[in-house]
Amino acid sequence: MKKTKLILMVFMSMILTLSVPGMGSSSKASAATARTPIVLVHGLTGSDSNFTAIESYLRSQGWAREELFAIDLPSKQGNQLLNSAAISRFVDDVLHETGHTKVNIVAHSMGGANSLYYILNRGGASKVDKLITLGGANRLTTTTAPSGIKVTSIYSTSDTIVSPTLSRLSGANNISVSLVSHIGLLFNSRVNALIKTALNE
């Protein structure tokens, strides 16, 4: 009888180990997400909700919700020190959550300058694979794309807020579109297709 009870207890223990989440597994992400996670960085006076349309498009193209992360920056005036520090913490959290070693960043307007500052001054160079800016105020930080990172700068000749000359970077893939406003870069189907292409390169 005691032997039967012992066997039953061992059997139940095995079932619990196999069926209870977290038991017998590492505390790290069990498996990396299928794609490199994407961090979305807004511009002046913006918020994480600015990327709703782009997130929706990317999900329709095969990206999972768990691979898309939009940050709400602390300085809506684009303070480089505050925002780059926030991006650094956010990226580290994303990497821990997804099990990846690098992220791709899609940034709009001043978010481009803040992301470049993070890459160049906050250790982001080793944690970013691709940077895609949309009407990015990139030259407020640098005139040259960071080495080792695939940088795509998408800007509009119709942008009356950030001049295309401020967006273009030496060494980047600079792509010009027309008839798209500064805010329209966040909602344009042609721009969406360019983002997808840059992410897949």
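**From one buried serine to the whole sheet**

S115 is located in helix α4. The model is a predicted one, and this residue serves as the starting point for a walk through it. Is S115 buried or exposed? With a relative accessible area of 0%, S115 falls under the 20% cut-off, and therefore S115 counts as buried. Which residues does S115 touch, leaving aside its neighbours within four places in sequence? The contacts are with V41, I87, I105, A107 and L131. The C-alpha atom of S115 is also separated by 9.8 Å from that of L40, a residue 75 places away along the chain.

Two of these contacts, I105 and A107, belong to strand β3, where they point to one side together with V103. Another, I87, is one of the residues of helix α3 that make the contact with helix α4. The next steps follow these two leads, the helix pair and then the sheet.

Helix α3 covers residues 80–98 and helix α4 covers residues 110–121. Their axes are 8 Å apart, and the two helices pack at an angle of about 70°. Because of this angle, α3 is roughly perpendicular to α4. The crossing of the two helices is right-handed. On the α3 side, the contact is made by Q80, L81, N83, S84, I87, S88 and V91. On the α4 side, it is made by M110, A113, N114, S115, Y117 and Y118. What kinds of residue make up this contact of α3 with α4? Seven are nonpolar, six are polar and none is charged.

Now the sheet. Strands of a sheet pair through backbone hydrogen bonds, and the pairing can be parallel or antiparallel. Here six strands form an open sheet in the order β2-β1-β3-β4-β5-β6, and the pairing is parallel. Why do β2 and β6 each have one side without a neighbour in the sheet? Both stand at the edges and have a single partner strand each, so one side of each is left free of a neighbouring strand. From one strand to the next, the twist averages 15°.

Start at the edge strand β2, residues 68–71. L68 and A70 point one way from this strand, F69 and I71 point the other way, and all are buried. Strand β1, residues 38–41, runs parallel to β2 and is joined to it by four bridges. Within this pair, I38 has L68 as its bridge partner, and V39 stands opposite F69.

On its way across the sheet, the order continues from β1 to β3. These two strands pair in the parallel sense over four bridges, with I38 standing opposite N104 in β3. I38 thus appears in two pairings, with L68 in β2 and with N104 in β3. From β3 the sheet goes on to β4 through six bridges, again in the parallel sense. In β4, K130 is the bridge partner of N104.

How many residues of β3 are buried? Six of the six are, so this strand is largely enclosed by the rest of the structure. Both of its faces are covered. V103, I105 and A107 lie on one side, N104, V106 and H108 lie on the other, and all of them are buried.

Helices lie across the strands as well. Helix α4, where S115 has its place, lies across β1, β3 and β4 and runs at about 145° to β3. Helix α6, residues 189–200, lies across β1, β3, β4, β5 and β6 and runs at about 165° to β4.

The loops hold two residues with a less common backbone angle. Most residues other than glycine have a negative phi. T45 is not a glycine, yet its phi is positive, at about 60°. T45 sits in the loop between β1 and α2 and counts as exposed, at 69% relative accessibility. L179, also not a glycine, has a positive phi of about 60°. The place of L179 is the loop between β6 and α6, and L179 is exposed at 74% relative accessibility.

Last comes the chain as a whole. The protein chain has six helices and six strands. From the N terminus on, these elements run α-β-α-β-α-β-α-β-β-α-β-α. Of the 201 residues, 46% count as buried. Among contacts between residues at least 6 apart in sequence, 67% join residues at least 24 apart.

Methods. Residues are numbered from 1 along each chain as its sequence is written. This is a predicted model: local features need pLDDT of at least 70, side-chain atom pairs count only at pLDDT 80 or more; totals for chains, interfaces and linings use all residues. Side-chain values use heavy atoms; hydrogens and water are left out. Axes are lines fitted to C-alpha atoms, for helices over the stretch in contact, and angles run from 0 to 180 degrees between N-to-C directions. Angles under 35 degrees count as roughly parallel, over 145 as roughly antiparallel, 65 to 115 as roughly perpendicular and the rest as oblique. A crossing is left-handed if the near helix is turned anticlockwise from the far one by less than a right angle, and right-handed if clockwise. Contact means heavy atoms within 4.5 Å. Ala, Val, Leu, Ile, Met, Phe, Trp, Tyr, Cys and Pro count as nonpolar, Asp, Glu, Lys and Arg as charged, and the others, Gly among them, as polar. Buried means under 20% relative accessible area, exposed over 50%, partly exposed in between (1.4 Å probe, protein chains only). Two strands pair if DSSP finds at least two bridges between them.
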